[in-house]
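Reader: Could you take me through a structure that is new to me? I would like to ask short questions as we go.

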Amino acid sequence: MPLLRTMTSWRSLFATALAMLALSGQAESYRWDSLAIGGGGYVAALVTSKTERGLIYARTDVGGAYRWEATKRRWVSLMDGVSEADVGWLSVDALALDPQHGDVLYLLAGVPYFSEGRTVVMRSTDRGATFSRITDVSHLLRANGNGMGRGNGERLQVDPGDSKVLYLGSRANGLFKSTDAGVSFSRVEALPVTTTPNETGLSFVLIDPTSVARGVAQRLFVGVSRFGSVGPNLYRSDDAGATFQPVPGAPSGHMPQRAALAADGQLYITFGNGAGPHGDWKQLTPPEPQTSGQVWKYDVASGRWTDVTPGGLDKPFSGVSVDPGNPKRVVVSTINTWMPQGGRNGGDRFFLTTDGGGHWTDVVARGFAMDTRGVSWVAGYAIHWAGAIEFDTADPRAVWVTSGNGVFRTDDIDATPATWRFMVDGLEETVPNVAISVPGGPLLSAIADFDGFRHHRLDAYAPIHEPRIGSTTGLAVAGSRTAVVVRVGEKKMYRSTDTGRTWVEVAGMQGSSGTVALSADGVSLLHSFRASDGRPVTVRSADFSQAQPTWVPVRGLEGAAVRPVGDPVNPARFYAYDAGTVRVSTDGGASFVTTARLPAGGSPLVRVAPGREGDVWVPLKDGGLARSTDAGRSFKTLAAIDRCGAVGFGKAMAGASYPTVFIWGAPKGEPLGVYRSTDAGATWLRINDDAHQFGGPGNGQFVTGDMNAEGVVYMSTVGRGIVYGVPADGPDARSPP
């Protein structure tokens, strides 16, 4: 499966007509990109090229890998071609570059809870534009790119003497080696470590490029994610992995996180009392709170250890980088350290030395400034979980650092203050829950971790919803009174009467998080959530705009894990699908009755055609797609559709009498993808391609069209943000109102 380079972002929405293509299954050329939100997820690591100055890669825990395009000052996603079946590969556990061939890139990818835990090593010879070989190594080891210790590393390395030789440190099965550029791997039995109590295993593999002899590097270091009381946590080989010995005198009170080798033979290692990036609340002995740590320097030639912890600070450290032009100039970062950071919420500290760790400058304490670069949500947040910090090889005055909320860069770490710019253009690692295009209005979004936005352009950062909730799980717009909007998240619910410009808290909210549904007139509100004991609950309020709203349990939905939706025209009607049972309310959501039976296993995201009463669509996944035109009393399964994971609607195309229907699914005989229909489902046209699959609709499980721009579609992803598709041959047009 080739993974092709993502196309450059387009300039604005399209709003003019396009000619319809009648041939079902024939792909129309679309441009695909991510909606500009501004990152938001944990970037686990950065890896800089040894062959080209300024070439840098990022790996993330749920959003794949990226390459920095310095001339465009933008990140380019490398994994948009990942299929829904392989969505677990978007969790990247390690990234390696070939020190001899600058275009060669390797990824170790996989996560236990997606894609049956399948783990792969992916090889690219064109900087990640495509991956020419994908080796399944699941029979040998399992990665966890979203697990504890995901900021450690790197676990994967290419031998500087022989590009065909790779070393791979696993989480539970020890060290592996390939001698055929990743085609196959075998266990390095000489290293006597497999798993560790925290199930993180080997935290890094580091190869000494000065040790190349007889065609391969002889000296290797392997960090082990365990305390010294459990067993040695640092091993060394001086014979290309034929034998390994514990490094004498290695610090035993903490776990190695990351390491960097200077040209003068000094190995700098950061330590913490956990795998990170935060404390581990599993039942571990001893526990791993990730609250303390050190920085040590190891002289490779003499074996001498020196404690070079900045200022004796007892905090966990992670990131470490050596200036490629000055072996005594080193930068390190703390991790999971909540210290004052330029007047913001607590975050991490960065330290710089120019004498090999003899003296350090606390770069944050000296003076800290942040340039959000127009990203509204990050204002007030700190740089935290700083797993990796790297000198920019094109300009060693500049330094990059990863964070739990993206990537930052300072142009001059010696400046007072050093200004850290939020550099996430193109790197949209967010997990969307809801997106709704309001007719004649904006696109509204709800995002896990941080609220959501009111979008007016696809290529410009939007204002965040205020007041903030945090992780926002539900969002609804009234079908006939579209100015009325409700959003819900962690212990808070807000309503708006001006399409999200301003918000007022809904008092007395029952439950936490969940989803919401509004009647067409915006009078009745349903809130579906899980009670503290895990039971699904749906409650209703018909006076939620009052100071003391009344909340009443909805009859007929007891114990049903549903996501009701209001009819867009008739305020008395609501619809819900529950594992094969269709339930309908005709009294404004006060009660539901069973009206029809459909195959079980479908999506709970029932959709209603805009502006049409009783026109209900249910995506049934492997059962296809069902439609009712009599308000849920009866359904017909569309004969043309084999599989449908999500369905949504957009503005009708010129000349069409029905809103455009979009699905994530597969017509008969066609591959899984994004399709559109302009004739109410009679014929279908594929509008994505294999290079733009994004792992499918992920957690949010939605695909929906734009109600103001013909042919424009949005889709949720597991960690790539909200992706959008735009017809490629349409003229440039205005942004929506």
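Author: What follows is a conversation about pockets, cavities, a sheet, aromatic rings and some backbone features.

Reader: What kind of model is this, and how are its residues numbered?

Author: This is a predicted model, in which local features need pLDDT of at least 70, side-chain atom pairs count only at pLDDT 80 or more, and totals for chains, interfaces and linings use all residues. Residues are numbered from 1 along each chain as its sequence is written, and side-chain values use heavy atoms, with hydrogens and water left out.

Reader: Let's start with the pockets. How much space lies in the largest pocket?

Author: The largest pocket holds about 1,100 Å³ of space. It is lined by 47 residues, and those closest to its centre are T48, K50, L206, A260 and L261. Elements that give two or more residues to this lining include β2 (43-48), β14 (202-207), β20 (255-261) and β24.

Reader: What do you mean by a pocket, a volume and a strand?

Author: On a 1 Å grid over the protein atoms alone, a pocket is an open set of points with protein on both sides within 12 Å along at least five of seven lines, while a cavity is a set where a 1.4 Å probe fits but cannot get out; lining residues have an atom within 4 Å of a point. Grid points are joined across faces, edges and corners, and a volume is the space filled by probe spheres set on the points. Strands are DSSP runs (E, at least two residues), numbered from the N terminus.

Reader: And how do the residues of that lining divide by class?

Author: The lining of the largest pocket has 25 nonpolar, 11 polar and 11 charged residues. Here Ala, Val, Leu, Ile, Met, Phe, Trp, Tyr, Cys and Pro count as nonpolar, Asp, Glu, Lys and Arg as charged, and the others, Gly among them, as polar.

Reader: What about the second largest pocket?

Author: The second largest pocket has a volume of about 780 Å³. Its lining has 38 residues, of which I436, V477, V565, R607 and V608 are the closest to the centre. By class, 24 residues of this lining are nonpolar, 11 polar and three charged.

Reader: How many cavities are there?

Author: There are four cavities of 30 Å³ or more. The largest cavity contains about 50 Å³, and its lining includes T196, R226, M255 and E288. The second largest cavity has a volume of about 40 Å³; T48, W68, F391 and W400 are among the residues that line it. T48 is thus named again, having appeared among the residues closest to the centre of the largest pocket.

Reader: β24 came up earlier. Which sheet is it in?

Author: β24 belongs to an open sheet of four strands in the order β24-β25-β28-β29, with antiparallel pairing. β24 (317-322) and β29 (361-362) are at the edges with a single partner strand each, so one side of each has no neighbour in the sheet. Between β24 and β25 (residues 330-334) there are four bridges, where two strands pair if DSSP finds at least two bridges between them. V322 has V330 in β25 as its bridge partner.

Reader: Changing topic, how many aromatic pairs are there?

Author: The structure holds 19 aromatic pairs. In one of them, the rings of Y298 and W305 have centres 4.7 Å apart and planes at 40°, so this pair is tilted. Rings of Phe, Tyr and Trp (its six-membered ring) pair if their centres lie within 6.5 Å; planes under 30 degrees apart count as stacked, over 60 as edge-to-face and the rest as tilted.

Reader: Is Y298 buried or exposed?

Author: Y298 is buried, with a relative accessible area of 3%, and W305 also counts as buried, at 14%. Buried means under 20% relative accessible area, exposed over 50%, and partly exposed in between (1.4 Å probe, protein chains only).

Reader: Which residues have a positive phi?

Author: E199 is one of them, with phi near 65°, and Q290 has phi near 50°. E199 counts as exposed at 53% relative accessibility, whereas Q290 counts as buried at 0%.

Reader: And where are cis peptide bonds found?

Author: One joins G153 and E154, with omega about 5°; another joins T416 and P417, with omega about 0°. P417 is in the loop between β33 (406-410) and β34 (418-422).

Reader: Why mention these features?

Author: They are mentioned because most residues other than glycine have a negative phi, and most peptide bonds are trans.
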